[in-house]
Amino acid sequence: MRTVRVAGVPALATLLALASMSAVHAAPTERAPGSVAAIGDAIAARIIAVKCNRPTSPSALTQAEIAELDSYIDERQTAFMLESKANQRLGEMVFPVMARDYNQLYSNPDACDAASRDQAKAMLERVREAQSELKKRAEVKH
């Protein structure tokens, strides 16, 4: 394992943030309904949806559904990175690496099985739930 150093961020905080963000750096896993839609899971789901797109498969995501994932990823990454300079530096390091690694993994047709497409579909549902929850919170604030 490489040691990652981020200037101005305590090592323990960096490790904890990397651990929480990269816990999904393998393949996204099934979670209990209502669980958080992590940015890393959404990145994985988007790449799976694009790389493993089999239009005849009932678990394939449409272009509109992929766009939903894109919007969620953009919104959540932006919110995360705006929280602090440390988050910004961390996000600039971690998110591109996650995307690159998932892209490499799912470039192999053997990785594109029904289970991975089902996981992408399940992640889309978690994203929709998270978006709905965020919308409700925003409405309550106003």
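A salt bridge is taken here as a side-chain nitrogen of Lys or Arg within 4 Å of a carboxyl oxygen of Asp or Glu. In the predicted model described here, the side chains of K121 and E65 satisfy this criterion, with an N to O distance of 3.5 Å. The pair links distant parts of the chain, K121 being in helix 5 and E65 in helix 3, 56 residues apart. The two partners differ in their burial class: E65 has a relative accessible area of 11% and is therefore buried, whereas K121, at 25%, counts as partly exposed. Both residues also belong to a network of salt bridges that links E65, E68, K121, E125 and R128.

The count of salt bridges in the model comes to eight. Another of them is formed by the side chains of D70 and R46, at 2.4 Å from N to O. Because D70 lies in helix 3 and R46 in helix 2, this pair ties together parts that are 24 residues apart in sequence. Each partner is partly exposed, D70 with a relative accessibility of 26% and R46 with one of 28%. A salt bridge is also found between E133 and R137, where the closest N and O atoms are 3.7 Å apart. Here the partners are both in helix 5, and because they are four residues apart, about one helical turn separates them. In an α-helix there are 3.6 residues a turn, so residues three or four places apart point the same way. E133 is partly exposed at 37% relative accessibility, and R137 falls in the partly exposed class with a relative accessible area of 49%.

Helix 5 itself spans residues 114-141 and comprises 28 residues. The distance from its first C-alpha to its last is 41 Å, close to the 40 Å expected at 1.5 Å a residue. The buried residues of this helix are S116, R117, A120, M123, L124, R126, V127 and A130. These buried positions pack against helix 2 (39-51) and helix 3 (63-82). D118, by contrast, is a residue of helix 5 that is partly exposed, its relative accessible area being 43%. The C-alpha atom of D118 is separated by 8.0 Å from that of A60, although the two residues are 58 residues apart along the chain.

The model contains one disulfide. This bond joins C52 to C112, with an S to S distance of 2.0 Å. The disulfide connects distant parts of the chain: C52 is in the loop between helix 2 and helix 3, and C112 is in the loop between helix 4 (85-105) and helix 5, the two being 60 residues apart. The torsion about the S-S bond is about -65°, and the disulfide is therefore left-handed. Both cysteines are buried, C52 at 1% relative accessibility and C112 at 9%.

The count of aromatic pairs is likewise one. It is formed by F80 and F95, whose ring centres lie 5.9 Å apart with 75° between the planes. Because an angle over 60 degrees counts as edge-to-face, the pair is assigned to that class. F80 lies in helix 3 and F95 in helix 4, so the interaction ties together parts that are 15 residues apart in sequence. Each ring belongs to a buried residue, F80 having a relative accessibility of 17% and F95 one of 5%.

F95 is also a contact partner of Q77, a residue of helix 3. When neighbours within four places in sequence are left aside, Q77 is in contact with I39, I43 and F95. With a relative accessibility of 16%, Q77 counts as buried, since this class takes in values under 20%.

Definitions and conventions
Residues are numbered from 1 along each chain as its sequence is written. This is a predicted model: local features need pLDDT of at least 70, side-chain atom pairs count only at pLDDT 80 or more; totals for chains, interfaces and linings use all residues. Side-chain values use heavy atoms; hydrogens and water are left out. The expected span of a helix is 1.5 Å times one less than its number of residues. Buried means under 20% relative accessible area, exposed over 50%, partly exposed in between (1.4 Å probe, protein chains only). Contact means heavy atoms within 4.5 Å. A disulfide is a pair of cysteine sulfur atoms within 2.5 Å. Rings of Phe, Tyr and Trp (its six-membered ring) pair if their centres lie within 6.5 Å; planes under 30 degrees apart count as stacked, over 60 as edge-to-face and the rest as tilted.
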